[in-house]
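Please open the structure in your viewer and keep the selection panel at hand. The tour below proceeds stop by stop, with a selection to make at each.

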Number of protein chains: 2
Amino acid sequence: MDTLALTGGKALLPDGTVETADVLVDREGGTIAAVGGDIDGVNEATETIDTTGCVVIPGLVNAHTHVSMTLLRGYADDTPLETWLREEIWPVEAALTPDDIEIGAELGAVEMIRSGTTTFADMYFSEDRVASVVDRAGMRALLGHGAVTIGKDEAAARADIEESVTVAAELDGAADGRIRTAVMPHSLTTVGERYLREAVEGAADIDVPIHLHANETVDEVDPIVEERGIRPMEYAEGIGALAEGNFFAHGVHLDATEIDLLAESGTSIVHCPASNMKLASGMAPVQDLLDVGVTVALGTDGAASNNDLDLFDEMRDAAMVGKIAAGDAAAVPAESVLRMATAAGADALGLPGGRIAEGEAADLAVVDLDAPHLTPAHDVISHLVYAVRGSDVRDTICNGRVLMRDRELTTLDPDRVMERASAAAADLIARAEGDT
Amino acid sequence: MDTLALTGGKALLPDGTVETADVLVDREGGTIAAVGGDIDGVNEATETIDTTGCVVIPGLVNAHTHVSMTLLRGYADDTPLETWLREEIWPVEAALTPDDIEIGAELGAVEMIRSGTTTFADMYFSEDRVASVVDRAGMRALLGHGAVTIGKDEAAARADIEESVTVAAELDGAADGRIRTAVMPHSLTTVGERYLREAVEGAADIDVPIHLHANETVDEVDPIVEERGIRPMEYAEGIGALAEGNFFAHGVHLDATEIDLLAESGTSIVHCPASNMKLASGMAPVQDLLDVGVTVALGTDGAASNNDLDLFDEMRDAAMVGKIAAGDAAAVPAESVLRMATAAGADALGLPGGRIAEGEAADLAVVDLDAPHLTPAHDVISHLVYAVRGSDVRDTICNGRVLMRDRELTTLDPDRVMERASAAAADLIARAEGDT
C-alpha cells in the first residue's frame, strides 16, 4: 500500500479529545488507514511526516464562501449591507470576467490551504472555472451557481435557475469525485417563489442539495413576514426547501419556531460570524441551534466581508460572539466550535472528511504548537479555537495528497497567484469604476 | 548621529493615511528624526532596514493587560466571569510566586514583540519583576500594583493601597525612563470607598495617574446603583477618580451620563473586546464614546480571557463587535481602530509613541504585506485591521532599538522563555490544585 505516516504528535479525535496518536494514510484510496499508537505499517510507510510537537486535526471545512471575492478583499469596508452590496460590490461583480473568477478562486485556494482548510462550499458564477482551480489545487469542494431572479424578466429569471441546475448536474463528481454540487438560489428574497420551487424540483431531479442565504438580516426577514404573514423558514418549508442535506447560510434572525423547523427537517445552518459582525447583520443564536440538534457548520462568507478565508479566525469569532449572543460565557464552547469547523461542516455539505478515524477521508491539517502564543499547553482544544492562527498550520493534506508541506504549497504557486490576482484586481476596479 | 533608516516602503502617518515614506530613526535619542521621501541622512544611516513591500506602523499599545497571566492561557475557558475568577483564576493566582510573575511576563513580552506591540500597561502583583522584564526586553510599559480591599481587615486593606502607591513611586522612571506607573485600585467594587479615596490622594501626591477596572459587567454596576443610587462613573467622580490622565479598563456598561462624564473629565477608556466577548461581559458602546471625544485605547486583558496578547486580533475584534454594538456597519471603522491601538493608546497611558512623525518616540512595527491573505492591496488601512495578523510583523522597534528583526528577537530568547514558562505553568497548576 502507498502510505503516508504522520508520527510522533497528537491528533484530534472524533469524540473531541486530543490524544497522542499516529495517523496512517492510504494515499491511493485517499483515506485514513489507521489511527493510534503502535499502528501496523507506520514504520513501512512510503512517506513520513514527523508531527512531534504538533496536533493533527481534520482539514477544516469552509461551508459558505464566494471564493473569487478575494479579489475584492478590503475594497469596500465599514459600509451597511444594502449599500455595500448595491453601491460597492454588485457594480464590481458586474465587471467580473470568468478569468477573474478563476484567478480569485486560485488566490482563495492558496489562502485556504495555507490556513488548513481542505474543503469549501462556493456560491458564485462561472463555477466551471472554480472547479478547474479545485481540481488543480487538490482540494475538495461543493460548488453551485448562485441564481437571482428579482429584477429580471421571466425568460432571464428562468434561465438563471436553469443554469444553477445545469451547473450542478455538469460539475457533480468532477475532480475525481472531489467536487460535489448543489442548486443555489441566492436567497428567499432575491429569488421569486415560483423560481424557488423550480430550484427545489431541479435539485431533486438530479439528487443534489439546495444551498441558499437565509435570515441573514432583518431586511431579509421582514418582507416575507409582511407579505406572507409567516416567518422565512415557514415559507421555506412550504416551498419544500427544508430537507435533510440542504444547508442555509447565516441564519442570524431565527425565531424559536424556525429553529425547531430546521431541527425537525435536518436542514443545516452555516454560521458566518465575521461577516455577520462586519456587516452588522446581527448575532446568530448558535447555542440555541446546537441545543436542539441543528447541524451548525462554519463559513467565512466572501473575503470582502471578513476579510480573510481563515477558519481559525472564524472559530475564534464563533466562540466569542456566541457567548455574547447567549449572554453566557459557557455558551458555544471550544469543543462545539471545533466540531462546527470539521465534522459538522462535512456533514452539512454531505462530503467526506471532518473526522480522524479509520476509513474516513484523509483530509488533515498539521498544526505546530511550538510557539510563544501557544505556550503553555494547558488545553490543546482551547488553543485550537482561541489562540492558534492560520499561520500555525504547517502541513495540509486533502484526499491523501499533501497540498502544503512545511508551509510550502505543492499544487499552486503562491507568488504567481498573488501576482496574477493583484493585476486582475487592479484591472477589475479600473473597469468597474470606469463604467460608473 | 547614530541612525537607523527604514527605506523603500510605506508608513502609516498620524493623519491616518498610508503613504510611501522612509523613516529615519535617531537611535541615541530613541526618536524619529525624519519621515518622508528624499530625507537627508537616509543614505548615510548607520543601519538600514529595507521595507519594500511593507508598511511601517507605530508600535502597538496594549493599554490593559495582566501580562503574567500568559501562564494561565487556556487554563479555564468557557466559564462565566464570576465563576471563572473565584473558582478557577483566583486559586491559581494565590499560588503564583514572584518568579512565576517574571516568567509569565517574559512569555508575554515575547508574544507582544512578535506581534508588533512595543508598549503595554500592566496591573498585577510583584510588578518589580515585570519591570525587570520590561527593562531586559527593551519595551515600554506603564506598571502598577493592583490593590484589592474587600474581604480584608483595615490593616491589610490599607497596606495593599499603600503598596500600590509605593510601587508606583519606586518604579516610575525605571528602565531608562521607559517605565512609568499608575496607582491601580482593582475596581470600584473590589476596593472600598475610603481606600479608593486614599488611592486617588496617593496618586496625586506622587503625580501618577489612576488605572482601574470600571463597568466591566452588570455585576459591577448594579451594587453601586443599588447602594448609592448613582451610576459607577458618578461615584468615581465623587471620589475624584475622573481626571485627565486616568484610564479605566473595559467601560462596557456605561449610560449616556457616564459617557459624558468621561468625556468632560478627560478620563480614557481601554476597550477590551475579546475579553468582554469571551466572558460574555457585554459590548462596550465604543462608537458612542468616540462620538463625544473620549480617548479609547485597546487592551487584550489577560491571556486567560482572550487567549492571546496579539493586538491585531484585538483590532479586528474591536471593529467587528463595535458594529454589532452600534447596529451599524459603518461604526468603529478601521481608521478609528488603528488610532485606538496606536496614538490613542499612547495618549491614554501618557506615554511616548503611537505616531510616526519627526520628534516622536521611535516605537515602530514593520508589517510585511506580501502574503496571499493580504492580496490584493486595495486598502492598507483595511488590511491592518481586518486581515493582518501578528505573524505578519517582520520587525519591531522600541525607543529606537530593534527588538525583532526578520522575526528573530534580539533581546529575549523565545525557546528558553517557552521552556521556562511551560515548566513554571505546570508547577503552578500542580501547586494550586494540590492546595484545593
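Contact here means heavy atoms within 4.5 Å. This is a predicted model, in which local features need pLDDT of at least 70 and side-chain atom pairs count only at pLDDT 80 or more, while totals for chains, interfaces and linings use all residues. Residues are numbered from 1 along each chain as its sequence is written, chains are lettered from A in the order in which they are written, and side-chain values use heavy atoms, with hydrogens and water left out.

**Chain A alone**

Select chain A and display it as a cartoon. Its secondary structure comes to 15 helices and 20 strands (DSSP runs numbered from the N terminus: helices are H or I of at least four residues, strands E of at least two). Along the principal axes, the C-alpha atoms of chain A fill a box of roughly 65 × 45 × 40 Å.

**The two chains together**

Now add chain B. Here 60 residues of chain A are in contact with 61 residues of chain B. Together the two chains bury about 4600 Å², of which 61% lies on carbon and sulfur atoms; buried area is the accessible area (1.4 Å probe) that two parts lose on being put together, summed over both. Select Asp78(A), Pro372(A) and His378(A): they supply 15% of the area that chain A buries against chain B, more than any other three residues.

**Polar links across the interface**

Next, select Arg316(B) and Asp317(A). They form a salt bridge, with the closest N and O atoms 2.8 Å apart. Between chain A and chain B the count is ten salt bridges, each being a side-chain nitrogen of Lys or Arg within 4 Å of a carboxyl oxygen of Asp or Glu.

Which helix of chain A gives the most to the side that touches chain B? Select helix 11 (311–326) of chain A, one of the helices that each supply at least two residues to that side. Helix 11 gives the most, with seven residues.

**The symmetry axis**

Finally, superpose the copies by least squares on the C-alpha atoms of residues with pLDDT of at least 70 in both. Chain A can be laid on chain B with an RMSD of 0.0 Å by a turn of 180° and a shift of 0.0 Å along the axis. That is the relation of a two-fold axis. Select Ser391(A), whose C-alpha, at 3.6 Å, comes closest to the rotation axis among the residues of chain A. Of the interface residues of chain A, 100% are also interface residues in chain B, so the copies meet through the same surface.
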